[in-house]
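Trainee: I am new to this structure and would like a close look at one part of it. Could you walk me through how the chosen part is put together?

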4 protein chains.
Amino acid sequence: MCTAVNYKTDGFYFGRNLDLHYSYDEKVTITPRNFPLKFRSVGELKNHYAIIGMATEMEGYPLYYDATNEKGVSMAGLNFPGNAVFHPFEEGKDNVSPFEFILWILGQCQNMAEVRKLLSKIHLYDEPFSKDVPLAPLHYMIAYKDESLVVESVADGLKIHENPVGVLANNPEFTYHLHRLNDFMQVTGKTPVNLFSEKLPLKPYSLGMGSMGLPGDLSSSSRFVRAAFVKVQDYEPKGEEESVSQFFHILDAVSQPKGCTEVEGGHFEYTIYSSCVNTEKGIYYYKTYDNSSLTAVSLQKENLDSDKLLQYPLRKKLVVEREN
Amino acid sequence: MCTAVNYKTDGFYFGRNLDLHYSYDEKVTITPRNFPLKFRSVGELKNHYAIIGMATEMEGYPLYYDATNEKGVSMAGLNFPGNAVFHPFEEGKDNVSPFEFILWILGQCQNMAEVRKLLSKIHLYDEPFSKDVPLAPLHYMIAYKDESLVVESVADGLKIHENPVGVLANNPEFTYHLHRLNDFMQVTGKTPVNLFSEKLPLKPYSLGMGSMGLPGDLSSSSRFVRAAFVKVQDYEPKGEEESVSQFFHILDAVSQPKGCTEVEGGHFEYTIYSSCVNTEKGIYYYKTYDNSSLTAVSLQKENLDSDKLLQYPLRKKLVVEREN
Amino acid sequence: MCTAVNYKTDGFYFGRNLDLHYSYDEKVTITPRNFPLKFRSVGELKNHYAIIGMATEMEGYPLYYDATNEKGVSMAGLNFPGNAVFHPFEEGKDNVSPFEFILWILGQCQNMAEVRKLLSKIHLYDEPFSKDVPLAPLHYMIAYKDESLVVESVADGLKIHENPVGVLANNPEFTYHLHRLNDFMQVTGKTPVNLFSEKLPLKPYSLGMGSMGLPGDLSSSSRFVRAAFVKVQDYEPKGEEESVSQFFHILDAVSQPKGCTEVEGGHFEYTIYSSCVNTEKGIYYYKTYDNSSLTAVSLQKENLDSDKLLQYPLRKKLVVEREN
Amino acid sequence: MCTAVNYKTDGFYFGRNLDLHYSYDEKVTITPRNFPLKFRSVGELKNHYAIIGMATEMEGYPLYYDATNEKGVSMAGLNFPGNAVFHPFEEGKDNVSPFEFILWILGQCQNMAEVRKLLSKIHLYDEPFSKDVPLAPLHYMIAYKDESLVVESVADGLKIHENPVGVLANNPEFTYHLHRLNDFMQVTGKTPVNLFSEKLPLKPYSLGMGSMGLPGDLSSSSRFVRAAFVKVQDYEPKGEEESVSQFFHILDAVSQPKGCTEVEGGHFEYTIYSSCVNTEKGIYYYKTYDNSSLTAVSLQKENLDSDKLLQYPLRKKLVVEREN
């Protein structure tokens with residue numbers, strides 16, 4: 001399914017793995033400030049913050065999977081099947097459809113205070129994009145600087161959770177993952193010591209034994225734990241190169257190799273792309289399953305006052321630098 | 001520590017992760033056919049098969065970590081501390097030092113039958129490269145087409161094991177890893193079914209739950225299991241691009257992110273490089289910790305009848321293809 | 001902490017482990033029909049169903065840990081620290097203190113329909129037994145024939161959950177345990193088959209490998225899973241002897257040996273007693289940590305129309321039948 | 001299958017679980033000093049140390065599963081299928097059949113020095129009891145005071161291992177279990193501390209979380225770890241009652257409940273009996289699957305100079321002490 005991460009070094013980075021068994025022709029997409037954003041119930045934003053992220057364009061409308069605006073506010077939608085419930089239109093609220101949600105937030109908020117204010121009035125209602133494009137059952141991570149939130153619309157309403165871990169995966173609800181993390185208290189990147197008993201001369205026979213107990217499977221609950229583990233260890237990257245590099249290593253730890261995750265019908269889910277945004281500079285880095293090289297698109301290098309969507313197709317072919 | 005893998009698609013691939021907390025300035029190194037290979041006890045090979053692989057050159061001598069010869073025979077040495085024992089010189093045997101072992105085999109063998117014949121006479125003896133360069137405690141994987149062997153020189157002699165898994169990690173002895181794999185019989189890339197009890201309506205809440213039980217830590221025993229799991233699943237890459245891509249995904253599943261594996265003194269071990277050789281074409285692909293782009297060196301593009309070592313320094317800097 | 005179980009064979013059994021590091025001088029206690037039960041807010045039950053169970057008597061009042069009434073309705077309170085919240089008195093509800101809860105239900109209900117009816121009006125309020133005896137933070141399992149409920153008074157009110165598993169442990173909330181059970185779908189009492197890969201000849205080297213993945217620790221979340229596993233397997237005891245015997249084997253699988261569960265201050269929690277009630281016959285069987293022999297008290301053998309509590313001190317000394 | 005344990009408190013205890021799906025009518029059996037012990041190749045012991053243990057008598061010969069002699073030397077045979085190999089008769093050795101092995105050692109040795117001396121000359125040869133009673137594939141634990149040995153006759157000969165853990169289960173070889181115990185270094189009976197990361201406020205939500213990571217299944221490798229864990233924790237029983245009680249709690253932690261371990265044909269293996277011998281006093285305690293009460297037979301209360309076997313049938317029926 002998917003994993004999203006926010007990561008603070010001397011910069012602030014945000015990104016995700018998209019794990020599916022098919023692709024919707026998503027592209028890196030820039031929505032400049034004057035591209036008109038029409039919403040079904042809450043009117044139109046004629047001017048708004050510019051946005052960069054991964055999106056499928058449909059009938060001229062950018063359906064973002066994950067995105068960052070020019071102020072650095074970032075947001076991603078992740079699969080949440082069976083738990084996501086979007087309710088009927090509710091009078092007196094900002095009725096926003098899930099497919100509009102990322103644009104609604106990133107178009108208008110320059111910090112987390114503004115995000116929280118918008119969230120306090122929002123109602124994610126059950127308006128599909130079209131008859132043929134039903135609502136995806138998603139939940140969301142929103143991050144900015146030191147803060148990270150999870151937004152889940154479930155059977156008994158909209159839940160907003162502080163996210164001290166800065167990781168989101170899929171089912172079940174976020175509070176479950178957060179609680180379960182306590183089960184891994186003793187898992188460590190440090191050299192383990194013998195706590196079993198001093199009566200027995202137990203000792204490590206390999207480096208890396210401190211992390212024993214960490215689950216290695218590809219379920220959402222295990223990906224949550226594993227991403228959290230790699231993220232919070234005591235290595236502190238310095239500068240853009242080390243930060244971006246380490247960010248992709250965190251995502252690699254929860255990526256889905258082809259063959260390991262069957263979906264119905266004998267197909268396999270795999271990590272279609274992994275992304276990392278430098279949220280302060282608006283640079284969107286990504287790699288794809290068969291192209292481990294990084295590609296980058298920079299928001300600031302485009303005319304942000306334009307009213308036209310800009311799209312960069314994904315580079316999916318293996319790239320090799322040949323020495324001879 | 002390290003993980004080595006051989007992988008058969010419509011080609012035959014061989015490679016490894018090198019996990020350490022420091023680098024010995026290793027380079028992709030080609031030893032052409034007429035580079036004289038001098039051995040301490042078994043004479044000199046004036047002509048031999050050409051070899052490509054990763055090596056540190058010391059006093060003009062290529063100390064290979066992993067390599068493939070022009071016939072496709074491949075070999076890697078992996079850390080085996082505490083278990084590797086190299087014995088004194090023994091009359092009547094081919095006394096080969098561990099640092100010469102890869103060259104001795106790859107210089108002379110064009111298939112596994114020839115490898116087995118050489119191994120039957122070999123004695124890995126305790127001759128260091130020099131006073132300042134002691135012997136590394138290694139064990140070895142040798143692979144060619146459908147066959148894979150593990151060679152371990154331990155306290156009670158030289159052991160040669162068939163390797164049906166095509167994976168090698170570190171401690172303890174290979175037979176331990178092979179036996180332990182049985183503990184993971186029920187771990188699967190397929191959609192899991194409820195075997196717990198038909199009295200309870202258990203069902204998957206996430207894709208990827210079939211692999212629950214797979215260990216996620218960085219110990220050698222868990223890396224062995226995890227690499228084996230990703231490798232043997234039912235995805236069959238076609239052609240060079242898919243094969244090379246999938247090979248690196250197998251290695252990514254056991255790579256060591258910085259911060260997760262402390263070594264003494266507060267340093268962290270990490271995956272310095274990952275390699276994948278197309279053994280039939282003699283193309284050595286690699287990536288490094290901070291440069292996820294693939295670089296390739298092709299054995300066949302050089303003058304193989306030369307008598308000079310050829311070395312290509314590793315490209316370790318983050319490479320980004322910028323769209324704008 | 002504790003584990004409670006209900007178990008259906010050709011009879012219906014209910015019981016629990018009490019895991020603590022100290023004892024409150026609890027005794028098997030019979031409350032006959034005419035023992036006056038005074039409640040702080042909901043009046044007095046002068047006549048009620050007779051009750052048998054484990055209780056500490058305080059100022060003449062039986063504080064039950066677990067009990068069954070003459071109709072077979074059974075109930076146990078288990079530790080739920082940090083999650084149990086009892087709210088202030090609420091007008092218009094049946095305000096029952098947690099210490100009165102078991103008596104309130106078992107005194108009046110002869111089946112689950114009656115239990116549900118009482119629960120629909122109940123408010124567990126924050127009235128302690130006395131200044132010196134504060135409220136214990138408990139949640140509850142109530143069972144009768146084919147039905148089992150969990151009652152949890154938490155921060156946002158009273159939750160009543162159907163319990164298809166028939167097991168209760170401690171923290172966190174019941175819905176968490178129920179969800180997590182899905183993680184163990186592939187754990188089985190049956191002979192395992194090789195799902196890892198048909199490319200590798202994996203096979204069991206020991207009986208019992210189907211249950212690999214089952215957690216062996218003493219946390220509440222692992223005890224829940226383990227008790228559920230042993231309970232639902234395909235062995236079906238016949239008759240009283242086999243049923244009672246198997247019930248205690250289920251409890252043994254989650255009992256706490258001395259030394260394995262430190263509480264603050266270097267003390268160890270352990271299983272003070274294990275109980276099993278034949279709910280139809282009103283026979284309370286138990287064993288204690290140092291006395292593995294079963295002791296039984298039969299409700300039906302006493303004068304149930306009495307107005308006096310009856311108590312049987314626990315037999316805690318090791319009993320040995322000596323052959324010679 | 002089975003688990004054997006030796007346990008030192010202020011006494012020295014030895015015992016085991018016998019896990020099978022059928023019973024051979026085993027009885028507690030005393031072999032007095034003058035019962036003639038005939039061996040197939042090594043002659044006859046007319047006088048020997050008296051022995052108490054669990055045995056099946058066949059054609060007047062006691063086939064011991066586990067036993068202790070009047071000096072306290074103790075020994076048990078445990079299932080070791082696929083690994084146990086008994087070789088042909090070998091000249092110049094003490095050729096002892098596996099079915100004679102326990103009697104040969106316990107009949108003659110009063111301490112571990114004498115055991116080691118006998119073992120140095122022994123050859124376990126492939127002589128069955130009879131055509132209809134083939135050799136069971138066993139390995140052995142021998143214990144006395146502070147010492148414990150494991151004896152395994154495997155494909156490449158007889159192996160004698162020091163056993164610092166004082167536990168034996170079944171497959172694979174003992175050295176495997178011993179090595180694997182290192183994987184559980186961080187599992188503890190103590191209150192766990194947050195080693196995951198100080199950046200996250202992880203904390204225990206239940207007692208017993210220190211032992212997370214302990215496997216809960218019924219395979220031999222997991223029973224070895226679990227028995228070892230319970231045994232070595234910091235609780236130190238004082239005196240006979242606490243010691244015997246705790247010993248059975250160790251065995252309970254690895255006992256096989258009916259239904260959890262299928263054998264071929266839909267039958268279930270279960271713990272037929274659990275035993276504990278006070279090796280200094282020669283008291284054999286046991287309980288059976290359906291009778292959790294302890295029964296004891298005392299070696300010293302019989303005429304040890306007799307020449308007749310003494311047998312006590314197992315008390316297998318549920319025993320209940322009824323209070324009313």
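What follows is a request about a pair of helices, and one connected reply.

Trainee: How do helix H1 and helix H2 of chain C cross, and which residues make the contact?

Mentor: Happy to take you through it, and please keep in mind that this is a predicted model. Start by finding the two helices in chain C: H1(C) covers residues 98-108, and H2(C) covers residues 112-121. Their axes come within 9 Å and cross at roughly 135°. Angles over 145 degrees would count as roughly antiparallel and 65 to 115 as roughly perpendicular, so H1(C) is oblique to H2(C). The crossing of these helices is right-handed.

Now look at the side that each helix brings to the meeting. H1(C) contributes Phe101(C), Trp104(C), Ile105(C) and Gln108(C), while Glu114(C), Val115(C), Leu118(C) and Leu119(C) come from H2(C). Sorted by kind, the contact residues of this pair are six nonpolar, one polar and one charged.

To place chain C in its wider setting, turn to chain D. A turn of 180° with a shift of 0.0 Å along the axis lays chain D on chain C, with an RMSD of 0.0 Å. That is the relation of a two-fold axis. If you want a landmark for that axis, go to Gly216(D): in chain D its C-alpha is the nearest to the axis, at 1.7 Å. The two copies also use the same surface, as 100% of the contact residues of chain D recur in chain C.

Methods. Residues are numbered from 1 along each chain as its sequence is written. Chains are lettered from A and ligands numbered from 1 in the order in which they are written. This is a predicted model: local features need pLDDT of at least 70, side-chain atom pairs count only at pLDDT 80 or more; totals for chains, interfaces and linings use all residues. Side-chain values use heavy atoms; hydrogens and water are left out. Copies are superposed by least squares on the C-alpha atoms of residues with pLDDT of at least 70 in both. Contact means heavy atoms within 4.5 Å. Axes are lines fitted to C-alpha atoms, for helices over the stretch in contact, and angles run from 0 to 180 degrees between N-to-C directions. Helices (H or I, at least four residues) and strands (E, at least two) are DSSP runs, numbered from the N terminus. Angles under 35 degrees count as roughly parallel, over 145 as roughly antiparallel, 65 to 115 as roughly perpendicular and the rest as oblique. A crossing is left-handed if the near helix is turned anticlockwise from the far one by less than a right angle, and right-handed if clockwise. Ala, Val, Leu, Ile, Met, Phe, Trp, Tyr, Cys and Pro count as nonpolar, Asp, Glu, Lys and Arg as charged, and the others, Gly among them, as polar.
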